[in-house]
Amino acid sequence: MNEEFESGTGPFWPFSDDAGSGAAEGGALRITNRDPEFSIDSYADLETVADSVFVATELKITEPLQAQEGPALAISRWEAEEIDLEYQFMVDGETAFLFETTGPDPDDVRLL
């Protein structure tokens, strides 16, 4: 399956405010966060099952990061009001991590 957000099975709801925006651009979902103090959430309801997700992210860090400080991007799949699968890319200080959720407990993760 290849989801094109401008013409695909969608739906996707665009938004924009002082903190960030979400828009369909070139068939992809582009989320921009303009305020590092806040997180930006967005989603699309897909009518068909996806077996993979391609994510491209660009981080612009304008000042040195301290330990346990940095941006993160999470991709989640929801089933029956619960997170069924989640991947999280995170920058912590000077190190980047990619985690996969392996169970219901927040500590049930695998470092990829």
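**View 1. A23 and its neighbour across the strands.** In this close-up, A23 stands opposite R30 in strand β3. The model you are looking at is predicted. A second facing couple can be found in this view too: G22 stands opposite I31, again in β3. Behind these couples is the pairing of strand β2, residues 20-25, with strand β3, residues 28-33, which runs in the antiparallel sense over six bridges.

**View 2. The turn that links β2 and β3.** Strands β2 and β3 make a hairpin, with two residues between them. Look for G26 in the turn, where phi is positive, at about 60°.

**View 3. The open sheet and its edges.** Which strands make up this sheet, and in what order? Three strands take part, arranged β1-β2-β3 in an open sheet with antiparallel pairing. The edges are held by β1 (15-16) and β3, and each has a single partner strand, so one side of each is left without a neighbour in the sheet.

**View 4. S21 and its surroundings.** Staying with strand β2, we come to S21. Is S21 buried or exposed? Its relative accessibility is 16%, so S21 counts as buried, the cut-off for that class being under 20%. Who surrounds it? Setting aside neighbours within four places in sequence, S21 is in contact with F15, S16, R30, I31, T32 and R34. One of these contacts, I31, was met in the first view, where G22 stands opposite I31.

**View 5. A stacked couple of aromatic rings.** How many aromatic pairs does the count come to? The count comes to one aromatic pair. The partners are F97 and F99, and their rings are stacked, with 5.7 Å from centre to centre and 20° between the planes. F97 has a relative accessibility of 24%, and therefore counts as partly exposed.

**View 6. A nonpolar patch on the surface.** Here three residues come together: Y87, L98 and L112 make a nonpolar surface patch of about 250 Å². Of these, Y87 can be traced to strand β5, which covers residues 82-92. With a relative accessibility of 31%, Y87 counts as partly exposed. A residue needs over 30% relative accessible area to join a patch, so the 31% of Y87 is enough on that point.

How values were computed: Residues numbered from 1 in each chain as written. Predicted model: local features only at pLDDT ≥ 70, side-chain atom pairs only at ≥ 80, totals over all residues. Heavy atoms only, no water. Patch = residues over 30% accessible without salt bridge, like charges linked within 9 Å, V, L, I, M, F, W, Y side chains within 5 Å. Areas by Shrake-Rupley, 256 points an atom, 1.4 Å probe, with all protein chains shown as cover. Salt bridge = Lys/Arg side-chain N within 4 Å of Asp/Glu carboxyl O. Helix = DSSP H or I, 4+ residues; strand = E, 2+ residues; numbered from the N terminus. Buried < 20%, exposed > 50% of the residue type's maximum accessible area, 1.4 Å probe, protein only. Phe/Tyr/Trp six-rings, centres within 6.5 Å; stacked < 30°, edge-to-face > 60°. Pairing = 2+ DSSP bridges. Contact = heavy atoms within 4.5 Å.
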